[in-house]
Amino acid sequence: MSSLRMLLRTLAVAGLSAALIAPSAPVRAEPSVAELTARIERSSTELERIVESYNKLNEEIKTNQATAADLHARIGPLEAQAAQSRAAVGQIAATAYKTGGLRTAEAILDPAGGSLVDRLGTLDQLTRQRQQQIDGYTADQRALLDEKTRLDATLARQAAQSRAVAKTKKRIEQDLAKLYEMRRAAYGRATEAPAKKPARSTTSTTPAANPPAASGSAGTAVQYAYGAIGKPYVWGAEGPNGYDCSGLTLAAWRAAGKRLPHNAAMQWNATSRVSRSALQPGDLVFYSGLGHVALYVGDGQVIDAPSAGRNVLKRKMNMMSIAGYGRVD
């Protein structure tokens, strides 16, 4: 055998030996359902925080739109008033130019005009009236300028918030796509199937047929929440076909004739504090960070829109760390 063949055979044997004794590359195992569920919970919590910030921006835009409309309504009459006072001052200036100071002196010195004291008093009164007109013109112009400055600032804030809303919406859609992909891997589908409502149920996660007895507007809010059970979580939505967490509580109390903002933290500020022992059906339960809110329905349970991919459900209120409780006044 030639030396070249011997060399090739030696290299081949050495390569095969190395392949046999070398450790195999580790094979990455697919995440388990439990691992995926943990990831889904973390992603859902973060996504809900972003959704609530989106809702807050929209609430601020609504406020600024109302402010801008009010300012527009006030600027119209101010412009008319300023124009009127401007015309009056213009007339004063024209009269002063035509008459000059000589006629004023003649009016004071003319004996036919009455006593000197009377003539000076008349002139003083005329001067005061003219000064009031001039002062009124200045005040009207200043008020008009102030309102226009406020309007410009309001419109600038609104434009910035609109840009932030568009940016946040894009991020939500990207995060939502990833979350749905994880749900498909873990559960075989991106979203839960619509829940069926049995005649009666005693479990904490299945809707019961009849809401608890509650009178007045709180009873109306609770009944509405029961009617929403099984409907999907839809970010930024306030019904009737889907809800996010603050959208559900908003819609429930809207049915009862009360106005709540579409944001959990804002709803905290819009309600009065109550203790856990004083909770009544219709009260709101807020969770740590004020990133989630639910409607209390009695017996230690709430109805809430949990997170993307899930449906509105009734469950025990201790599912997360509680920040406090609020009552709609």
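This is a dialogue on how to read several features of a predicted model.

Me: Before I look at single residues, how many helices and strands are there in the protein chain, and in what order do the elements run from the N terminus?

Reply: In this predicted model, the protein chain holds six helices and six strands, and from the N terminus on the elements run α-α-α-α-α-α-β-β-β-β-β-β. Of the 329 residues of the protein chain, 33% count as buried, and among contacts between residues at least 6 apart in sequence, 65% join residues at least 24 apart.

Me: How should I read a helix such as α4, and what does it pack against?

Reply: The general idea is that an α-helix has 3.6 residues a turn, so residues three or four places apart point the same way. In α4 the buried residues are A218, G219, A221, V222, A225, Y226 and A228, and these buried residues pack against α5, β3, β4 and β5 (313-316). One can also check the span of the helix: at 1.5 Å a residue, the 13 residues of α4 should span 18 Å, and the end C-alpha atoms of α4 are 19 Å apart, which agrees. Just after α4, G230 takes a positive phi of about 95 degrees.

Me: Positive phi values catch my eye in residues other than glycine; where do L290 and D299 lie, and are they buried or exposed?

Reply: A sensible way to read such a residue is to take its backbone angle together with its place in the chain and its accessibility. L290, with phi near 55 degrees, lies in the loop between β2 (284-287) and β3 (293-298), and it counts as partly exposed because its relative accessibility is 22%, where the cut-off for buried is under 20%. D299, with phi near 60 degrees, lies in the loop between β3 and β4 (301-304), and D299 counts as exposed because its relative accessibility is 71%.

Me: Which two residues does the cis peptide bond join, and where is P240 found?

Reply: For a peptide bond the angle to look at is omega, and in the cis bond that joins G239 and P240 omega is about 0 degrees. P240 is found in the loop between α4 (216-228) and α5 (245-255).

Me: A buried arginine makes me look for a partner of opposite charge; what is the nearest such side chain to R183, and how far away is it?

Reply: Here one asks about charge and about polar contacts separately. R183, which is found in helix α3 (residues 116-187), is buried yet has no salt bridge, and the nearest side chain of opposite charge, E192, is 4.4 Å away. A salt bridge would need a side-chain nitrogen of Lys or Arg within 4 Å of a carboxyl oxygen, so the cut-off decides the matter. The side chain of R183 does, however, reach the backbone oxygen of G309 at 3.4 Å. Leaving aside residues up to four places away in sequence, R183 touches several others, among them I40, T191, A308 and R310.

Me: Finally, in what sense do β1 and β2 pair with β6, and over how many bridges?

Reply: For a pair of strands, one reads the sense of the pairing, the number of bridges and the residues that stand opposite each other. Strand β1 (residues 272-274) pairs with strand β6 (residues 322-327) in the antiparallel sense over three bridges, and V274 stands opposite Y325 in β6. Strand β2 also pairs with β6 in the antiparallel sense, over four bridges, and there Y287 stands opposite I322.

Conventions: Residues numbered from 1 in each chain as written. Predicted model: local features only at pLDDT ≥ 70, side-chain atom pairs only at ≥ 80, totals over all residues. Heavy atoms only, no water. Buried < 20%, exposed > 50% of the residue type's maximum accessible area, 1.4 Å probe, protein only. Lys, Arg positive; Asp, Glu negative; His and termini not counted. Polar contact = N/O pair within 3.5 Å; in protein donor to acceptor, adjacent residues only side chain to side chain. Contact = heavy atoms within 4.5 Å. Expected span 1.5 Å × (residues − 1). Pairing = 2+ DSSP bridges.
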